[in-house]
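Reader: I am in my first year and would like a close look at the nonpolar core of this protein. Could you take me through that part slowly and explain the terms as they come up?

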Amino acid sequence: MFQDLHWLRQTPKWVWYSFIPYFGGLAIVYAGQKTNIRSWIGWGAGFTLAAVALSASANLGLLVWVAQIVTAFSLKKRYLIKTAPRGLLVPASATSAEELANIRGKIDINECTKDDLVRVLGLPIVYANDIESLQNEGYIFTHAEELSEIAGVPASHVRRIAPMICFSYNYQKEASFTWKRLNVFSVEELIASGLDRVVAEKIVTERQIKGEYKSVVEVKRRTGLPFDSYRHLC
């Protein structure tokens, strides 16, 4: 179930327009254009063409007419979910979250905004603030359980939204906050981050000659620099 069912109880006007003989299929075409679902446009156009082509046969024409009405009503809920104003439909269970995800897509925890967390996933603002703070610090979430273990989101909230979330991996984002800065920063950027020029130049030169570092230990082994000279970047 959703936390707001009023929106889903309505019947859009285009559904009633599907009752129009011969041209009622155009109502489904309209719904397809509004939701940007091409298959609906095809179905609506197909019903319209079939109704016109079979107009001489009362029985077949009636069959097409009934089919387009049944199709319109079967698409109604998906249309309403797809076109609901942002923040109106918030999942109240894992089942409704899965339904929303299938129709509107998933929310990427590592790339989403605080507004997505509150208005789309329905998380309390206190948890959204904590997740945003971790995002800004460069933390990369990898699975739903981390929302509880790292961000403190109650397990009941996590279970509710789990079908609706995903986790991307952005190497460049991670590289801006971890030791992997040593693989992407220029000499000047490393100096601006607090490294001595000699240390920065050694790190970059070695990287340019032999490629990226695989670990902090490899940085030390390849450059011969003491760990303390770049510890604050790790």
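**The nonpolar core**

Author: In the protein chain, confidence is highest in helix H2, at 98, and lowest in helix H11 (residues 171-175), at a mean of 56; this confidence is pLDDT, the predictor's value for each residue on a scale from 0 to 100, while helices here are DSSP runs of H or I with at least four residues, numbered from the N terminus. The model is predicted, so local features need pLDDT of at least 70 and side-chain atom pairs count only at pLDDT 80 or more, whereas totals for chains, interfaces and linings use all residues. Residues are numbered from 1 along each chain as its sequence is written, and side-chain values use heavy atoms, with hydrogens and water left out.

A nonpolar core is a set of buried Ala, Val, Leu, Ile, Met, Phe, Trp, Tyr and Cys residues joined through side-chain atoms within 4.5 Å, where buried means under 20% relative accessible area, with a 1.4 Å probe and protein chains only. The largest such core has 41 residues, of which Trp 14, Ile 109, Leu 117, Leu 121, Ile 131 and Leu 147 touch the most other members. Among the elements that give two or more residues to this core are helix H2 (13-17), helix H7 (114-120) and helix H8 (125-136), but the largest share, 6 residues, comes from H5.

Leaving aside neighbours within four places in sequence, Leu 117 is in contact (heavy atoms within 4.5 Å) with Ile 109, Cys 112, Gly 122, Leu 123, Ala 128 and Ile 131. A second, separate core of 15 residues includes Leu 182, Val 187, Ile 203 and Tyr 213.

Terms used: Buried < 20%, exposed > 50% of the residue type's maximum accessible area, 1.4 Å probe, protein only.
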